[in-house]
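Here is a short report on one protein chain. Look at the fold first, then read on.

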Amino acid sequence: MVGCNEEFKMIMDQLTRQSAKQLQVVSIVGMGGIGKTTLARNVYEDSSITSHFDKRAWVAISQEYDVEQILQCLIDCVNAESNDVLHERRNDNLTESLRKHLMGQRYFIVMDDVWSSTAWDSVQRCFPDDNNGSRILLTSRLREVAEYASSGNSTINMPFLDANKSWNLFCNVLGQTEFLSVFEQIGRDIVKKCNGLPLAITLVASLLSKTEAAVEKWNNVAENVGRYVIGDSNDTCSRILYLSYNQLPHHLKACFLYFGVFPEDYEIHVKKLVRLWAAEGFLRAEDHRNMEEVAMECLQDLVDRSLVFVNKQSYNGKMKTIRIHDMLRDLCLREARHENLLNVVGDEKLPFYKKRISCRWISATSGFHLLPLTKCFHKSHSFHYPYAYYYESVQCLFSNFKLLRVVDIERISSNGYWVQYALANLIHLRYLALRYSTNSDKYFSLELFEHWNMQSFIVHGALKYSMAYGIWKMPLLRNLCIQRIDSFGTLSVVHRNLESISWLDSKLCTKDLFTRIPNLKKLGIDGGYDGNNLDCFNNFVHLGQLEELSIRKWLNLNRIPCSGISWASSFLPNLKKLKFFLTSLAWSDMRLIGMLPNLEVLKLKRAIARKDTMWEPSEEGFRKLKRLVIEYTCLKRWSAVGDHFPVLECLELHKCDNLQVIPSGFADITTLALIQLNWCLDSVLASAKLIEQEKYNYGNALLVRSENIMTKRVNKYRKNGMWRKRVIFWWIRQVFGRSNTHGIYDMQ
């Protein structure tokens, strides 16, 4: 066993060193091939285990299990009698027989590869609890099963191996630690592509150990790691990983295979994924629940089955981004192609136009020619094109793909008028996401057409103005995100499905509009640099369901109206997240914001006027604030005590280079768990460390994370003689903006 030393110690502590006398169950959870059985076997055979327990037994459960065989296997392990006597007793009641053998003994049982809570329930009554420190170790790929069986202990999560441990395992399997430089370079590339999965590393290393040590052969393995590991359905790795896939319900199989449309190592945003699933029609409709809520449950199910991994979480523990292991993605690609569901353009050995098989999903990973695509896949339902610029006219694509439900294209560079014209013909469209190239000089207007099936409409970049007349004839529309919405036309109906709108011109924030979107939960407002409509704040009273509010580019917003608004009671009662970006607020406005009854997250990014440098919070505010983010402010003095932020959990300060210290009163906030600092003075870091030490002295944990990029870059430029030029360039950019500095920098 390589790695997992910490997990080994944790398990050994729970098995042999804890003082609890009652029967305890310890669970290990992780994806197939990550080393659960190897870790359990090392624990089972450890000398301290054999000396601590009177009886030991090991049984593998697997998906297709037989209770009688499980019980007989356990009896065979713990019974010291001869085989002849055992044979005479095989017809006895196996449950009672096992209990008798374990009664009065301190025993240790390993139940490996448990797939259901039913399997655990069928045998757990056989284990007597004599309050003598007996233990059971259980391994499973399913978190639900592991937590169901555990005795209140937290489950042991099996981690992937890091780069060093992966290389050590690779060397151990090959039986050597010294390589020629060319082989070591190739070997490390192979190990990197295994992404820390021990089974994959072991299989590839075993393959190399049986082949001739030739650079060409090693390079061939490096280029085809996925094919060697997920090669044939009878291969060891394939059998192990396919067990997890084959157990999935039908609707979850479609959700899982859909991960194949994303590029390798792609960080998938959860919000985007659940909207795509809903648009594809994978999910069953349920009364009183929207599709995205159902999709979140399906995603959590895949996470609990160790098929998908959480990459980033929000402040409250919700999933923000996820990833899928490369080996599991290869499984998705293999199975989706086998079912004629997916064709990945640019990721195949043969040109895709030679494979004239109609498929449901198209994912393009590189540039391609459109003509054969439209001929082959005119019946496809979704088209994904991430990470690439799109230089051809899309009229050809959209005019031939009449059945498209999903269009997801990033960094598109094309004539906006042609795109708009072509989209009007896609009557089945449910999800549209376009991001025009930011360096494009073409600015055009956008007009929404009558897409009766549209659920999510997302367009960014290159828009001069947008007319969103069509939303009143999109009854299923839930998410609308455009760079700037200038007009909604005539407000004709009440839109009860619309839950998210960004970015809305402040002039449109009227009572008439807000009363027609009563279930809105997320709103983004673009004040415009010349915007001066403060009446929209008074109209927020009609958004009783609003949970997230973002306000940007409102430089005339130098005060928040307070007259006629009941900030502490009826005003935005469900608002949990508030963000200001590029505004000119005063710190005194925080008094009103702090009165919002359920506010949990506040982000201030270039939000405070430059001349305002002191913040004195009021005592009656921020009763439920959990996360506070302050970025790019001229804040110098901050007079705060713990009572000003009684339940704060996370404080983030970014580029607050005028602030001298964090108020010492933050040490009194018992819930504070994280202080994140970026581009702050060393004195701010020192004050954070003092708060950390004081909380530690009182038994409270606090993590201080600091990335002092400013100091690192200053030292770097001083070393290479570029310090003066870089400082001058940075100063000019701050004063005049980025676009006017290139010529000046060249002269310097």
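Two strands pair if DSSP finds at least two bridges between them. Helices (H or I, at least four residues) and strands (E, at least two) are DSSP runs, numbered from the N terminus. With those terms, I409 in β12 stands opposite L434 in β13.

This is a predicted model, in which local features need pLDDT of at least 70, side-chain atom pairs count only at pLDDT 80 or more, and totals for chains, interfaces and linings use all residues. Residues are numbered from 1 along each chain as its sequence is written, and side-chain values use heavy atoms, with hydrogens and water left out.

**The whole chain**

The chain holds 28 helices and 28 strands. Of its 748 residues, 50% are buried. Buried means under 20% relative accessible area, exposed means over 50%, and partly exposed lies in between (1.4 Å probe, protein chains only). The chain exposes about 35,600 Å². Carbon and sulfur atoms supply 47% of that area. Accessible areas come from the Shrake-Rupley method with a 1.4 Å probe; for residues, only the protein chains shown count as cover.

A contact means heavy atoms within 4.5 Å. Among contacts in the chain with a separation of 6 or more, 58% are between residues 24 or more positions apart.

**Strands β9 to β13**

Here the pairings can be followed strand by strand. The table lists them.

| Strands | Sense | Bridges | Residues opposite each other |
|---|---|---|---|
| β9 (residues 342-345) and β10 | parallel | four | N343 and I362 |
| β10 and β11 (residues 382-385) | parallel | three | I362 and F383 |
| β11 and β12 | parallel | four | S382 and V406 |
| β12 and β13 (residues 431-436) | parallel | five | I409 and L434 |

I362 has a partner in each of two strands: N343 stands opposite I362, and F383 in β11 is also a bridge partner of I362. Which way do the side chains of β10 (residues 361-364) point? W361 and S363 point one way, while I362 and A364 point the other way. All four are buried.

Strand β12 spans residues 406-412. Six of its seven residues are buried, so β12 is largely enclosed by the rest of the structure.

**A five-stranded sheet**

Another open sheet has five strands, in the order β2-β3-β4-β1-β5, and the pairing is parallel. β2 (55-60) and β5 (156-157) stand at the edges. Each has a single partner strand, so one side of each is left without a neighbour in the sheet. Strand β1 (residues 24-29) is joined to β5 by two bridges. V29 stands opposite N157 in β5.

C126 is found in the loop between α7 (117-124) and β4 (135-140). Is C126 buried or exposed? C126 counts as buried because its relative accessibility is 0%. Leaving aside neighbours within four places in sequence, C126 is in contact with L71, T95, L98, R99 and L102. T95 is 31 residues away from C126 in sequence, but their C-alpha atoms are 5.6 Å apart in space.

**A three-stranded sheet**

Three strands form an open sheet in the order β6-β8-β7, with antiparallel pairing. β6 (268-269) and β7 (309-313) stand at the edges, each with a single partner strand, so one side of each is left without a neighbour in the sheet. Four bridges link β7 and β8 (residues 319-323) in the antiparallel sense. V310 stands opposite I322 in β8.

V270 lies in helix α16 (residues 270-280). V270 counts as buried because its relative accessibility is 3%. Which residues does V270 touch, leaving aside neighbours within four places in sequence? V270 is in contact with M296, L299, M319, K320, T321 and I322. V270 and L299 are 29 residues apart in sequence and 8.6 Å apart in space, C-alpha to C-alpha.

**Cavities**

On a 1 Å grid over the protein atoms alone, a cavity is a set of points where a 1.4 Å probe fits but cannot get out; lining residues have an atom within 4 Å of a point. Grid points are joined across faces, edges and corners, and a volume is the space filled by probe spheres set on the points. How many cavities of 30 Å³ or more does a search of the whole structure find? The search finds seven. The largest cavity holds about 60 Å³ of space. Its lining includes F537, W567 and I593.

Terms used:
On a 1 Å grid over the protein atoms alone, a cavity is a set of points where a 1.4 Å probe fits but cannot get out, and a pocket is an open set with protein on both sides within 12 Å along at least five of seven lines; lining residues have an atom within 4 Å of a point.
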